Amino acid sequence: MDLNYTAQDLAFRDEVRSYLEAHLPADLQHKVRNHKRMNREDFVRWHKILAKQGWVGTGWQVEYGGTGWTPTQRHIFEEECARAGTPAILPFGVNMVAPVIMAFGNQAQKDYYLPRILNCDDWWCQGYSEPGSGSDLASLKTRAERDGDFYIVNGQKTWTTLAQHADMIFCLVRTDPAARKQEGISFLLIDMKTPGITVRPIIMLDEDHEVNEVFFDNVKVPVQNLIGEENKGWTYAKYLLGHERTNIAAVGRAKRELLFLKRIAGEHQKNGKPLIDDPVFAHKVASLEIELMALEITVLRVISQDSGRPGPEASLLKIKGTEIQQRLTELMLETVGPYGLPFDPQFLEGETEHSLVSDDDAAALASYYFNYRKTSIYGGSNEIQKNIITQMILGL
Amino acid sequence: MDLNYTAQDLAFRDEVRSYLEAHLPADLQHKVRNHKRMNREDFVRWHKILAKQGWVGTGWQVEYGGTGWTPTQRHIFEEECARAGTPAILPFGVNMVAPVIMAFGNQAQKDYYLPRILNCDDWWCQGYSEPGSGSDLASLKTRAERDGDFYIVNGQKTWTTLAQHADMIFCLVRTDPAARKQEGISFLLIDMKTPGITVRPIIMLDEDHEVNEVFFDNVKVPVQNLIGEENKGWTYAKYLLGHERTNIAAVGRAKRELLFLKRIAGEHQKNGKPLIDDPVFAHKVASLEIELMALEITVLRVISQDSGRPGPEASLLKIKGTEIQQRLTELMLETVGPYGLPFDPQFLEGETEHSLVSDDDAAALASYYFNYRKTSIYGGSNEIQKNIITQMILGL
Amino acid sequence: MDFKLTQEQQQFAEAIRRWAEKDYGFEQRKHIIGSPKGTSSKAWSELAELGATALPIPEELGGFSGSAVDMMVVMQELGRGLVVEPYFATVLAAEFLKKAKAHFDVLEQIATGEKKLAVALAEKQSRYDLFDIATTATPNKDGFVLNGTKTVVLHGAQADMLIVSARSNENQRDKSGIHVFLVDANSIGIHRTDYRTIDGYRAADIRFDQVQVAPINMLGKENDGWELIDEIADYGVSLLCSEAIGIMEAITAATLDYLKTRQQFGVPIGKFQVLQHRMAEMFMEMEQARSMATLAAVKVSSANVEERRRTLSAAKARIGQAARYIGQQAVQLHGGMGVTNELPVAHMFKRLTTIELSLGDTDHHLARFVAQPGFKVSA
Amino acid sequence: MDFKLTQEQQQFAEAIRRWAEKDYGFEQRKHIIGSPKGTSSKAWSELAELGATALPIPEELGGFSGSAVDMMVVMQELGRGLVVEPYFATVLAAEFLKKAKAHFDVLEQIATGEKKLAVALAEKQSRYDLFDIATTATPNKDGFVLNGTKTVVLHGAQADMLIVSARSNENQRDKSGIHVFLVDANSIGIHRTDYRTIDGYRAADIRFDQVQVAPINMLGKENDGWELIDEIADYGVSLLCSEAIGIMEAITAATLDYLKTRQQFGVPIGKFQVLQHRMAEMFMEMEQARSMATLAAVKVSSANVEERRRTLSAAKARIGQAARYIGQQAVQLHGGMGVTNELPVAHMFKRLTTIELSLGDTDHHLARFVAQPGFKVSA
């Protein structure tokens with residue numbers, strides 16, 4: 001039993017920390033720390049900075065341009081990024097489609113796509129969910145019919161994150177409608193510029209444009225864009241779903257947000273004293289902080305147990321991680337109270353000065369609270385995660 | 001909209017209150033208010049005092065010796081009894097078997113049993129649950145086979161409250177094993193002195209002897225002890241289950257217990273000040289008190305809506321009532337903390353002086369907390385109550 | 001004891017409900033919110049025609065002398081319809097004039113729908129302590145001069161007149177030394193910044209720069225404004241509680257409907273026991289909240305000040321808790337659809353949330369409940 | 001970073017577990033609890049033979065110099081077996097002697113199992129504030145004279161010697177002026193009232209009536225006992241946290257088993273989704289608690305006092321919360337059987353409850369966590 005990092009790990013942490021201090025642009029950091037909205041350019045800029053350093057493929061093997069880090073190093077890197085307040089490296093390319101290409105793609109696909117992913121030459125999005133499928137992913141209906149050297153794709157995807165910026169989409173499509181639900185599904189890569197694709201925004205409850213519907217109307221996709229074998233797509237999708245859960249607990253970000261919460265609760269007053277000195281509020285913050293302390297150890301236990309790829313315990317990390325994130329947003333909104341009501345999307349985009357009496361800190365917090373309700377729904381709702389614990393861990 | 005009692009109701013309340021002040025024996029009141037254990041004699045004494053006043057059959061029609069009170073009057077009476085701290089009138093005779101006898105019994109049964117119930121000449125207990133039946137009551141297995149003028153009863157009942165004191169038991173027995181689950185059940189009254197009956201105590205987690213197993217080994221029961229028709233017992237049982245829920249919210253008792261909680265939280269210290277002045281603890285008490293205020297209004301809304309016999313809303317009252325009762329016991333135990341640990345059953349029975357340094361108030365509180373875990377289990381577990389709400393109110 | 005609504009109350013409720021369903025539907029509302037003004041003159045006229053603006057005004061001033069219970073009925077329906085018009089702000093302001101028995105002409109104009117008002121009490125530092133006032137009222141020969149800034153004034157920019165609190169002494173958190181004024185919103189020296197709020201309403205920051213107010217415009221007793229504010233804030237709480245009940249009914253019904261129709265794994269999701277019990281919890285929360293909203297509407301008129309404060313704070317705390325649970329769970333049970341702006345459920349959730357943060361949140365009111373002298377001895 | 005137990009730790013755990021299963025089963029335990037003494041000399045000898053009593057004692061005094069993590073392993077197994085012997089009391093007392101580096105003979109006798117000790121700190125008024133001491137220590141020519149009463153002293157009547165706190169000044173809640181003594185439990189003037197506790201343990205009220213103590217029996221520095229008490233109370237907290245984890249594992253396993261075997265409505269009740277998710281919640285609570293118990297065992301030896309206090313209070317608070325949830329839900333899922341004394345589940349529930357109330361409950365430790373200077377700036 002030794003809960004300390006090794007000297008090597010500590011040296012690595014210092015290296016990452018110094019690098020981030022030197023290379024993270026102040027304007028991006030400010031946006032992240034203040035819960036402002038990130039645009040395409042923000043994401044790409046940060047991705048390319050990290051790509052230059054060779055720190056994008058943190059879960060990739062070295063042969064593909066990855067870092068070859070240990071699970072502990074990856075964890076440290078993610079924690080340091082969160083601590084500093086970097087924009088996210090969006091997972092759709094690096095952590096979702098890339099592992100599938102590495103595992104099941106052919107050499108040409110690897111040679112073409114992987115370097116482009118590392119360097120953010122393509123913006124990827126994910127075509128899994130469909131209207132009506134919800135938690136029952138395998139019930140998807142989008143059809144792909146073989147026609148010579150092409151598949152003709154017809155159907156609709158939904159909840160497609162940031163598809164409005166995307167160059168490429170990876171899709172689950174049904175190639176054998178006669179087969180059973182999980183069979184007859186294939187995994188296709190589709191160029192978003194192909195005629196017949198329409199992207200329709202879905203506006204979220206904080207009025208942000210984060211997800212979309214993507215419509216396919218006789219979209220011609222070259223057969224060389226098929227990953228692996230036809231009708232084996234569900235296997236690849238399940239493989240990917242395992243990968244998706246990396247860092248899902250988001251302990252590092254939660255620690256940064258907890259500091260933010262403590263700071264604003266030290267500035268807002270209750271009974272003429274800082275809110276953080278109110279025993280009732282302080283107890284709520286303390287309970288949350290302790291939950292986070294516990295989760296951090298739980299994450300480290302999972303990492304130390306295996307190769308860094310969590311099994312069904314990932315469900316626990318997802319549930320607890322999102323509960324903590326949501327609770328943080330609740331307490332932030334409680335802290336600013338009525339000063340959280342003013343709504344100024346342009347300010348959140350970083351385009352205008354905030355004209356209000358109420359402080360800048362408060363401006364994004366209601367949106368943040370509302371937006372984060374999604375975290376217990378997406379990536380397999382927390383109810384689905386409990387089903388997984390029930391079945392895979394408890395054997396009920 | 002008028003949330004005040006009428007002048008008549010207020011006069012009635014004053015009458016009840018004065019009566020209880022004059023007639024409730026101080027020793028019984030002391031036991032009740034201090035969560036001590038009641039013995040057979042305690043229950044009988046109070047029952048007979050009320051019987052003299054004619055206030056036992058509060059839900060009975062006047063023709064059977066009942067009070068003929070309105071639902072509001074019954075509510076006021078129950079509230080006043082709770083406020084004063086009277087022993088309970090045990091429901092098994094008055095509120096459970098009596099309504100069944102009135103509705104489905106023959107004249108001889110009415111003439112014989114009902115006056116005896118009012119006057120507590122017989123101590124009744126309930127033979128419903130069986131090992132293995134749990135929430136699935138209709139799966140009962142106890143057999144009654146007709147043999148001339150008798151039924152021969154074989155089987156086992158369990159969770160039989162205070163059967164160790166009982167003169168009579170009303171039982172659900174299976175008279176037609178070939179019929180479907182809910183059919184083939186009959187409703188029998190059985191004299192506990194009949195040869196072949198054995199009562200085995202089940203000791204509760206607070207070591208109290210409150211429930212029992214009752215074994216029937218070729219017990220001969222005269223056929224005139226059958227209620228209504230053979231094989232129609234399930235109908236009568238369901239009728240009774242509706243009656244069982246009267247006053248299940250127990251608002252009056254909770255109000256008395258809340259005062260007890262506030263008193264002891266004013267006496268125990270935290271940080272050198274009364275615990276009730278600690279903001280965190282005070283908030284917990286306040287939340288509970290507000291829940292109770294809400295429940296009181298909810299109860300009154302239900303009473304004012306119908307004839308006083310709640311439908312599926314009774315499930316809400318049961319759940320919220322037991323949640324409040326359990327929360328009260330939690331906060332009481334939190335209040336006394338380690339002083340609740342000493343365990344002296346003889347003191348709880350009222351037989352000895354408490355020899356400990358720690359105060360008398362604390363003596364029963366751990367037992368009380370542990371014992372009250374049953375409230376979310378018995379009478380249809382709170383999970384079953386939520387099923388009822390789901391089906392009967394929400395139509396899911 | 002009687003929980004029934006009168007026939008008139010029921011008719012009033014039905015009239016407003018029909019109007020909201022027909023003339024204030026989801027698309028119309030969206031359009032209004034997106035308009036430059038953020039409110040609808042047409043809707044306001046219709047509310048006046050329906051008698052809603054006249055309801056709380058005394059009969060002798062052209063109103064219906066509606067009680068707090070009458071107002072409960074209306075607020076429930078406006079909640080159900082998610083109506084974002086300046087009704088709450090106006091009737092809350094009207095209550096100041098009624099209690100102060102002053103400016104009957106304004107009350108008459110409120111009744112007819114000619115005038116809208118807003119209540120400018122909160123400041124940057126006050127949070128939920130409305131006695132925490134930095135705005136000053138300095139006496140001069142013509143009355144008083146106001147200086148200071150009020151913030152997040154609900155419908156402050158849409159109002160014709162404002163109720164404003166200001167201070168005569170230096171002690172920012174002193175409960176004495178507070179004046180309350182009725183001020184024309186277009187007075188010289190008033191600068192209003194209008195903005196949207198997250199729930200689709202409008203609010204404003206209002207700066208008072210040497211604003212002259214006549215002595216006749218002081219409401220209630222000099223330096224004694226806190227009592228008036230405290231009492232009327234409780235009235236506002238009872239209105240918000242009722243509004244919340246209307247929203248809870250609508251959001252619960254929408255969620256129940258979704259559970260019955262949305263299919264997953266081949267069955268309606270309402271067949272999953274976990275979701276069933278969640279829905280049962282939402283139902284119970286709503287019923288407990290409804291009980292407290294009813295109690296609040298009855299007790300807000302209590303002459304016993306402690307009873308009023310105690311009950312209203314209990315109601316706001318309980319309803320805040322229910323609002324959060326019901327709102328969050330309604331969204332959760334709607335899954336992905338719940339977090340878009342495309343269904344009413346998200347808008348109901350947002351309004352339930354801002355109600356929790358208006359006129360004191362759950363913790364604020366729990367603390368106020370505890371602070372009442374009777375807390376330690378009553379049950 | 002390494003969360004693995006050493007091979008020795010695993011072997012130790014297995015040995016204790018086998019012993020508890022074989023020689024300290026449900027019926028044997030019931031018999032011991034019902035016996036006049038309430039503990040078992042035989043079990044104590046066996047624990048000594050297994051090396052449990054020697055584990056925390058320094059090697060040079062016949063022990064194994066076991067670390068807090070070693071003790072975690074043992075306490076988990078004693079928790080799993082619901083062992084009611086005076087092990088916790090004795091090793092907590094031993095820690096006073098170890099930290100004070102005194103009375104090596106007593107430590108040797110603890111290692112061999114010859115002596116049992118208890119810790120008499122709490123008083124009628126102290127609740128969880130162990131510095132709140134009314135018992136007085138008056139200096140005289142032979143050392144000190146103790147007067148006062150300690151209450152709910154765990155295994156106080158079964159102990160051969162007692163650790164006692166007493167005060168040299170008049171200020172009952174002053175953190176200075178506190179002495180700690182080692183006192184022979186059979187000294188003249190000591191009156192012990194033995195009784196059962198609700199969880200099957202024994203405790204005593206102990207009156208000190210002019211009890212003479214020699215100067216050599218003062219532990220640590222004069223007037224400076226609070227630091228010692230505070231540190232060792234944290235050690236006790238870490239032991240209790242580990243014990244709780246052992247119980248949680250057992251009660252969770254028993255409940256899971258019950259869900260799989262108990263039939264209702266024709267299926268195992270574990271097929272009902274609501275009960276499945278309840279069980280999943282229990283599992284998550286246990287895992288979060290386990291993380292904190294591990295952290296506590298590691299950080300209890302930290303030289304950074306604030307880090308120690310902060311972590312130990314965090315652990316006790318988190319485990320108290322998990323203990324309550326898991327205990328209550330295990331009983332609930334067992335239905336009627338859960339509220340009888342006939343299954344181990346009820347006894348585990350009771351012990352989990354009393355652990356929550358020992359050495360500071362959840363609120364006490366949350367407040368202590370908040371009171372650490374770093375709370376406002378650390379995460």
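Colleague: What rotation superposes chain C on chain D?

Modeller: In general, two copies of a chain are related by a rotation about an axis and a shift along it. Here a rotation of 180° with 0.0 Å of shift along its axis brings chain C onto chain D, with an RMSD of 0.0 Å (a least-squares fit on the C-alpha atoms of residues with pLDDT of at least 70 in both copies). The two copies are thus related as by a two-fold rotation axis. As for the numbering, residues count from 1 along each chain as its sequence is written, and chains are lettered from A and ligands numbered from 1 in the order in which they are written. This is a predicted model, in which local features need pLDDT of at least 70, side-chain atom pairs count only at pLDDT 80 or more, and totals for chains, interfaces and linings use all residues, while side-chain values use heavy atoms and leave out hydrogens and water.

Colleague: Which residue of chain C comes closest to the rotation axis, and what share of the contact residues of chain C recurs in chain D?

Modeller: V274(C) comes closest, with its C-alpha at 2.5 Å from the axis. The share is 100%, and the same surface serves both copies; contact means heavy atoms within 4.5 Å.

Colleague: How do I read helix packing, and at what angle do α9 and α11 of chain C pack?

Modeller: Two packed helices are described by the angle between their axes and the distance between the axes. Helix α9(C), residues 305–334, packs against helix α11(C), residues 362–371, at about 150°, with the axes 8 Å apart. Axes are lines fitted to C-alpha atoms, for helices over the stretch in contact, and angles run from 0 to 180 degrees between N-to-C directions. Helices (H or I, at least four residues) and strands (E, at least two) are DSSP runs, numbered from the N terminus. The pair α9(C) and α11(C) is therefore roughly antiparallel (the label applies over 145 degrees; under 35 is roughly parallel, 65 to 115 roughly perpendicular, and the rest oblique).

Colleague: Is the crossing of α9(C) and α11(C) left-handed or right-handed, and which residues make the contact?

Modeller: The crossing of α9(C) and α11(C) is left-handed, that is, the near helix is turned anticlockwise from the far one by less than a right angle, clockwise being right-handed. On the α9(C) side the contact residues include R308(C), R309(C) and R310(C), and on the α11(C) side they include H365(C), R368(C) and F369(C). By class, the contact has 4 nonpolar, 5 polar and 5 charged residues (nonpolar: Ala, Val, Leu, Ile, Met, Phe, Trp, Tyr, Cys and Pro; charged: Asp, Glu, Lys and Arg; polar: the others, Gly among them).

Colleague: At what angle do α4 and α7 of chain C cross?

Modeller: Roughly 45°, where the axes of α4(C), residues 68–80, and α7(C), residues 225–261, come within 7 Å. These two helices are therefore oblique to each other, and their crossing is right-handed. Among the contact residues are M71(C), M72(C) and M75(C) of α4(C), with L239(C), I245(C) and I247(C) of α7(C). This contact has 9 nonpolar, 4 polar and 3 charged residues.

Colleague: What is the phi of E207(B)?

Modeller: Most residues other than glycine have a negative phi. The phi of E207(B) is near 65°, a positive value, and the residue sits in the loop between β6 (197–203) and β7 (209–222) of chain B. L359(D), also not a glycine, has a positive phi of about 55°; its loop joins α10 (344–356) and α11 (362–371) of chain D. At 28% relative accessibility E207(B) counts as partly exposed, as does L359(D) at 27% (buried is under 20% relative accessible area, exposed over 50%, partly exposed in between, with a 1.4 Å probe and protein chains only).

Colleague: Is E123(C) buried or exposed, and which residues does it touch?

Modeller: E123(C) is buried, with a relative accessible area of 2%. It is found in the loop between β1 (117–120) and β2 (136–140) of chain C. Beyond four places in sequence, its contacts include Y339(A), D132(C) and K150(C).

Colleague: Where is I326(D)?

Modeller: I326(D) lies in helix α9 of chain D, residues 305–334, and is buried at 0% relative accessible area. Leaving out residues up to four places away in sequence, I326(D) touches M248(D), I251(D), T252(D), M282(D), E285(D) and M286(D).
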